[in-house]
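Here is a short report on one chain and its ligands. Please keep the structure open while reading.

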Amino acid sequence: MTTVLKLGGSVVTAKDEPETVDREALADAADAVADADDELIVVHGGGSFGHPHAAAHAVSDTEGTHDATGVREIHDAMGELNSAVVEALQDRGVSALPVRPLSVASRDDDGTTTFPGEPIATMLGEGFVPVTHGDVVAQAGAGATILSGDEIVTRLARQLDANRVGVCSTVPGVLDDDGRVIDRISDFETVASALGDSEATDVTGGMAGKVRALLELGTPASVFGPAELGAFLSGDRPGTLVHREQ
Ligand SMILES: Nc1ncnc2c1ncn2[C@@H]1O[C@H](COP(=O)(O)OP(=O)(O)OP(=O)(O)O)[C@@H](O)[C@H]1O
Ligand SMILES: C=C(C)CCOP(=O)(O)O
């Protein structure tokens with residue numbers, strides 16, 4: 001069983017404090033991952049590491065930059081967070097290894113992303129747990145743009161034929177206009193009015209971007225909160241199930 005798990009940047013960082021890891025939340029998430037039996041690919045988001053730097057350089061998933069210093073600043077910040085996540089996992093005996101998108105992924109001029117699956121598949125075959133993250137990547141005609149962890153989740157899930165996809169954010173699921181968790185989402189329009197950006201600095205579209213990306217997937221994806229991470233990794237479907245009717 002191959003599972004792609006995204007740990008939201010809003011979970012593993014204090015999203016309102018620049019470059020601050022939420023140590024307690026990261027420890028809890030790493031404990032849950034260490035207990036999992038599935039073959040896992042972990043993807044984490046930017047939180048207070050990637051997003052403020054991206055915003056400072058006016059870079060988003062659609063707006064690019066040719067400023068190499070800025071690109072490096074965003075990438076280095078994500079590298080710091082990635083090290084913290086890999087270290088927390090290795091401390092618990094998980095064979096976690098970093099995979100840095102800037103070095104392997106790219107976009108063509110219409111925004112289509114290429115993210116090679118082979119290095120990840122080989123790592124999995126050797127019993128490693130790849131830990132990759134939203135990053136800044138080169139895009140033809142635009143310099144470099146932000147590739148969200150959510151898009152990486154959908155790319156890798158498709159390429160590696162993942163059986164399960166889970167997106168752990170700070171909210172217990174996708175919420176409706178009254179703040180209740182929506183059980184199932186099969187098209188964007190029905191829930192569009194409730195979907196917004198993140199409350200913190202976020203250049204990749206918050207929950208709306210997440211739902212849009214997950215609806216592109218053939219595999220059903222669960223969106224849930226940190227309290228349900230263990231349940232998801234044990235096979236449950238907590239929170240909101242996002243799956244376009246075929
Ligand atoms: N309808 C909604 N249901 C749930 N959350 C929503 C909704 N509309 C907007 N949001 C916001 O979206 C946020 C989740 O998206 P966000 O991109 O911040 O999460 P993340 O993936 O955990 O973080 P990161 O992008 O840093 O990885 C929530 O914390 C909330 O502020
Ligand atoms: C802002 C950067 C560099 C990463 C964005 O990834 P996300 O938090 O998954 O949207």
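Start with a loop. Glu-19 sits in the loop between α1 and α2 (23-34). Its phi is positive, about 45 degrees, although Glu-19 is not a glycine. Is Glu-19 buried, partly exposed or exposed? Glu-19 has 15 C-beta neighbours inside 10 Å, so it counts as partly exposed.

Asp-161 also has a positive phi, about 55 degrees, and is not a glycine. The loop between α7 and β9 holds Asp-161. Asp-161 is exposed, because 11 other C-beta atoms lie within 10 Å and the limit for exposed is 12 or fewer.

**The chain as a whole**

The model is predicted. The chain has 10 helices and 12 strands. A compact globule of 246 residues would have a radius of gyration near 18 Å; the chain has 16 Å, which agrees. Along the principal axes, the C-alpha atoms fill a box of roughly 45 × 45 × 35 Å. Of the 246 residues, 48% count as buried. Take the contacts between residues at least 6 apart in sequence: 72% of them join residues at least 24 apart.

**The sheet**

Eight strands make an open sheet with mixed pairing, in the order β3-β6-β2-β1-β9-β11-β12-β10. Which strands stand at the edges? They are β3 (96-98) and β10 (184-185). Each has a single partner strand, so one side of each is left without a neighbour in the sheet.

Three pairings can be followed strand by strand. Strand β1 (residues 2-7) runs parallel to β9, with 5 bridges. Here Lys-6 has Val-167 of β9 as its bridge partner. Strand β9 (residues 164-168) in turn pairs with β11 in the parallel sense, over 4 bridges. Val-167 now stands opposite Val-223 in β11. On to β12 (residues 240-242): β11 and β12 run antiparallel and are joined by 3 bridges. Ser-222 has Leu-241 in β12 as its bridge partner.

Strand β11 (residues 221-224) is covered on both faces. Ala-221 and Val-223 are buried on one side, Ser-222 and Phe-224 on the other.

Two helices lie across β2, β3 and β6. Helix α4 (residues 68-91) crosses these strands at about 155 degrees to β6. Helix α6 (residues 118-125) crosses them too, at about 150 degrees to β6.

**The two ligands**

Which residues come nearest to ligand 1? They are Gly-8, Gly-9, Ser-10, Gly-45 and Ser-198, out of 24 residues around this ligand. The elements giving two or more residues to this shell are α1 (9-12), α3 (47-56) and α9 (206-215).

Ligand 2 has 17 residues around it, and the closest are Gly-45, Gly-46, Gly-50, Gly-134 and Gly-149. Two or more residues of this shell come from each of α3, α4, β7 (135-139) and α7 (149-159). The most come from α3, which gives 3 residues.

The make-up of the two shells is set out below.

| Shell | Nonpolar | Polar | Charged |
|---|---|---|---|
| Ligand 1 | 7 residues | 14 residues | 3 residues |
| Ligand 2 | 6 residues | 9 residues | 2 residues |

Gly-45 is among the nearest residues to ligand 1 and among the closest to ligand 2. Helix α3 gives two or more residues to the shell around ligand 1, and 3 residues to the shell around ligand 2.

Key:
Residues numbered from 1 in each chain as written. Chains lettered and ligands numbered in written order. Predicted model: local features only at pLDDT ≥ 70, side-chain atom pairs only at ≥ 80, totals over all residues. Near = placed C-beta within 6 Å. Nonpolar A, V, L, I, M, F, W, Y, C, P; charged D, E, K, R; others polar. Rg over C-alpha atoms; globule rule 2.2 N^0.38 Å. Buried ≥ 20, exposed ≤ 12 C-beta atoms within 10 Å, placed from the backbone. Contact = placed C-beta atoms within 7 Å. Pairing = 2+ DSSP bridges. Axes fitted to C-alpha atoms, helices over the stretch in contact; angles between N-to-C directions.
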